[in-house]
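Please go through the following structure with the text beside it. The account starts from one residue and then moves on to the fold, the charged pairs and the nonpolar cores.

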Amino acid sequence: MDSEKKLKYAAIKKSISKQFNSDDVEYLGCDRFCLRQHYPVTIKGRETVMYKCSLFDEDGNLVPLMLEYNGIYSFMNNLAPVSVRENIQFTENQKFSSDKKFGLIDIQGKEILPCIYESVSVKLG
């Protein structure tokens, strides 16, 4: 990545961080950025933290998503794995657990594969 692009991406990350008061902004590739917002979840009187992810384009504009994802991962070939958590619970030994399901979205936020898979990957091609 050239230095001009690095500066542009740093400015976009800073702008998103400032707008949403969060330092959890990551460049995902393919001119896309992810903002991870933390929120508390209480289950059976126990509290844990979950994430809601938002997707932004190369100009810092919010990309509409069809679903609320708990994870958006690196883009490759204009596709990115996404995840949702289901069946959130605390086990008998008081550990947090959930079922994580994966799918795929494209750079426009359109769901390509629903989040029903144990794992997904995107290969260079």
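S17 counts as buried because its relative accessibility is 13%; buried means under 20% relative accessible area, exposed means over 50%, and partly exposed lies in between (1.4 Å probe, protein chains only). The model is a predicted one, in which local features need pLDDT of at least 70 and side-chain atom pairs count only at pLDDT 80 or more, while totals for chains, interfaces and linings use all residues. Residues are numbered from 1 along each chain as its sequence is written, and side-chain values use heavy atoms, with hydrogens and water left out.

S17 sits in helix α1, which covers residues 3-20. Helices (H or I, at least four residues) and strands (E, at least two) are DSSP runs, numbered from the N terminus. Leaving aside its neighbours within four places in sequence, S17 is in contact with S22, D23 and V25, where contact means heavy atoms within 4.5 Å.

The protein chain as a whole has one helix and eight strands. Read from the N terminus, its elements run α-β-β-β-β-β-β-β-β. Along the principal axes, the C-alpha atoms fill a box of roughly 50 × 35 × 20 Å. Of the 125 residues in the protein chain, 36% are buried. Among contacts between residues at least 6 apart in sequence, 37% join residues at least 24 apart. The exposed area of the protein chain is about 7900 Å², and carbon and sulfur atoms supply 49% of it; accessible areas come from the Shrake-Rupley method with a 1.4 Å probe, and for residues only the protein chains shown count as cover.

Next comes the sheet beside the helix. Four strands form an open sheet in the order β1-β2-β3-β4, with antiparallel pairing. Its edge strands are β1 (25-29) and β4 (62-63), each of which pairs on one side only. Two strands pair if DSSP finds at least two bridges between them. Strands β2 (residues 32-43) and β3 (residues 46-56) run antiparallel and are joined by 11 bridges. P40 stands opposite V49 in β3. Helix α1 lies across β1, β2 and β3, and runs at about 30° to β2. For that angle, axes are lines fitted to C-alpha atoms, for helices over the stretch in contact, and angles run from 0 to 180 degrees between N-to-C directions.

Charged pairs are the next topic. Side chains of opposite charge can pair when their charged atoms come close. A search of the whole structure finds three salt bridges, each defined as a side-chain nitrogen of Lys or Arg within 4 Å of a carboxyl oxygen of Asp or Glu.

One salt bridge joins the side chains of R36 and E26, at 2.7 Å from N to O. R36 is in strand β2 and E26 in strand β1, so this pair links distant parts of the chain, 10 residues apart. R36 counts as buried at 14% relative accessibility, whereas E26 is partly exposed at 33%. Another salt bridge is formed by E58 and R32, whose closest N and O atoms are 2.7 Å apart. E58 lies in the loop between β3 and β4 and R32 in strand β2, so the pair ties together parts that are 26 residues apart in sequence. E58 is partly exposed, with a relative accessible area of 26%, and R32 is buried, with 6%.

K101 and E118 also form a salt bridge, with the closest N and O atoms 2.6 Å apart. This pair links distant parts of the chain, with K101 in strand β7 (residues 96-106) and E118 in the segment after β8 (111-117), 17 residues apart. K101 counts as buried at 18% relative accessibility, and E118 counts as exposed at 58%.

What remains is the nonpolar interior. A nonpolar core is a set of buried Ala, Val, Leu, Ile, Met, Phe, Trp, Tyr and Cys residues joined through side-chain atoms within 4.5 Å. The largest nonpolar core has 14 residues, and those with the most contacts inside it are L28, L55, Y69, I72, F75, V82 and I105. Strands β3 and β6 (79-90) each supply at least two residues of this core. The largest share, three residues, comes from β6.

Y69 can be followed further. Apart from neighbours within four places in sequence, Y69 is in contact with Y51, K52, C53, V82, S83, V84, I105, E111 and C115. There is also a second, separate core of seven residues, which includes I12, V25, F33 and F56. V25 in this core is also among the residues in contact with S17.
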